[in-house]
Every structure is written in structure tokens, then in C-alpha cells.
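Hello,

Here is the structure I promised to pass on to you. Have a look at it first, and then read on for what turned up in it.

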Amino acid sequence: MAVLVAGCALAASAAAAGKEQEEDAAGFKEFSQRVDEFVRLHKSVEATLPKLKPTDLPEMITAHQQALARKIREARPDAQRGDIFTDNVREAFRHAVRSEFQSPHAANARATIRQGDPVKSVRLRVNQAYPEGVPYTTVPPTLLLRIPRLPDEVAYRIVDRDLVLLDVKANLVVDLIPEVISTEH
């Protein structure tokens, strides 16, 4: 009887894990579609700006970056947290982060996050410029293998315990998941 109960429990656990994997795959697919929509918007907005000619002048680069950010904000004035990291997407990312920090690579991932000067006490908002002079915390490479690959226009960043989707050319916060990185990590 005990063997039968244990077998039923294992089958139920495997079914739950399979369901979670399917839901995560659907969440990551939704995320990739939403990122692709954002990148199309980014490219269409960027196409309206004069091309930035090769220059050594940081003022020219910053001016172009700020103009791009302003145009993107104008194109999505109602952008808010959760537009890209929807509930289903956030759950898939939380599972990926949890799996990473319970894997054999966990010690290396923790060491990567703690390198340098981890960013703390910075509150970011969607459609806000990433604060100048605030360093990025590196996303562990083994975690990057568990989450969707991004187009060149955007990148993942870790700020304190938040996972941020950043438009790298516009230096603009596209969306974020608060407190996805647990303090236990």
C-alpha cells in the first residue's frame, strides 16, 4: 500500500512539473513576442531620427540617445510595469531564477551577482532613463541560458533584487520584475 501511495505521489509530482514546464514555455513565448513588438517600435522610432555619424564627441552620442529615449516614451506614453513581464512571464522568470539558484551552478551565479559593487537602493520606473553613473550588476551566464535570448536592442540587467529589461541604445527601462532575485541567493 505504501509503495502505491509513493508511486501516486511521484506521478502527481511529475505531472505538476510537466505542467509548470509547459506554462513556463508559454510564458517565455509570450515574452519573446512582446519584446519583438517593442524592438519593432524601437526601430521605427529610430528610423525617424537623423543617423548618428561616427563621432568621438560624447555629447553627440548622449544627445542621440536622449532623443531616441524621448521618441520611444512618446510612442508608448502609457507604458507600465507588466506590459512585457506579464503575470505569466514573471512566473516563468521566477521559476528560471529559482532553478538557477538551486542548481550546481548556484555558487558561481551568486558570486557573479556579488562581483564589483552590487547596485542597491535604486528605484527604477518603466520609461525612465537608467540613472547615469549607476553600475549594472552582471546577469550570471548560466542564468542567461535559462531565459529567452534577446535582440541586440535590449538587455537584461540586475539592479538590487530586480530584473530589468533595458533598451541599450536609448538607455531606457522597458520593464522590470521587482524582487525576483531573493536575498537568500
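Let me start with one pair of side chains: Arg-161 forms a salt bridge with Glu-179, and their closest N and O atoms are 3.8 Å apart. This pair links distant parts of the chain, since Arg-161 lies in the loop between β1 and β2 while Glu-179 lies in the segment after β3, 18 residues apart. Arg-161 is partly exposed, with a relative accessible area of 27%. Glu-179 is partly exposed too, at 48%. There is also a network to look for: salt bridges that share partners join Arg-123, Asp-160 and Asp-162. Please keep in mind that this is a predicted model.

Now for the overall layout. The protein has 5 helices and 3 strands, and along the sequence they follow the pattern α-α-α-α-α-β-β-β. In other words, the helices come before the strands as you read along the chain. Of the 185 residues, 38% are buried. The accessible surface comes to about 11,200 Å², and carbon and sulfur atoms account for 52% of that area. If you take the contacts between residues at least 6 apart in sequence, 63% of them join residues at least 24 apart.

The strands are a good place to go next. They form an open sheet of 3 strands in the order β1-β2-β3, with antiparallel pairing. Its edge strands are β1 (154–159) and β3 (172–177), each of which pairs on one side only. On average, neighbouring strands of this sheet are turned by 30° against each other, with direction ignored. Strand β2 covers residues 162–167, and it pairs with β3 in the antiparallel sense over 5 bridges. To find your way around this pairing, try Val-164: its bridge partner in β3 is Leu-176.

Back to the salt bridges. How many does a search of the whole structure find? The count is 10, and besides the pair I began with, two others are worth showing you.

One of them sits within a helix. Arg-90 forms a salt bridge with Asp-87, with 2.1 Å between the closest N and O atoms. Both residues lie in helix α3 (residues 87–100), and they are 3 residues apart, about one turn of the helix. Are these two side chains buried or exposed? Arg-90 is partly exposed, because its relative accessible area is 22% and the partly exposed range runs from 20% to 50%. Asp-87 counts as exposed, because its relative accessibility is 54% and the cut-off for exposed is over 50%.

The other reaches across the chain. Arg-146 forms a salt bridge with Glu-100, where the closest N and O atoms are 2.7 Å apart. Here the pair links distant parts of the chain: Arg-146 is in the loop between α5 (141–144) and β1, and Glu-100 is in helix α3, 46 residues apart. The two partners also fall into separate classes of accessibility. Arg-146 counts as partly exposed at 32% relative accessibility, whereas Glu-100 counts as buried at 0%.

If you would like a route through the model, begin at Arg-161 and Glu-179, move on to the sheet with the order β1-β2-β3, and finish at Arg-146 and Glu-100.

Enjoy exploring it!

Best wishes

Note on methods:
Residues numbered from 1 in each chain as written. Predicted model: local features only at pLDDT ≥ 70, side-chain atom pairs only at ≥ 80, totals over all residues. Heavy atoms only, no water. Pairing = 2+ DSSP bridges. Helix = DSSP H or I, 4+ residues; strand = E, 2+ residues; numbered from the N terminus. Axes fitted to C-alpha atoms, helices over the stretch in contact; angles between N-to-C directions. Salt bridge = Lys/Arg side-chain N within 4 Å of Asp/Glu carboxyl O. Buried < 20%, exposed > 50% of the residue type's maximum accessible area, 1.4 Å probe, protein only. Contact = heavy atoms within 4.5 Å. Areas by Shrake-Rupley, 256 points an atom, 1.4 Å probe, with all protein chains shown as cover.
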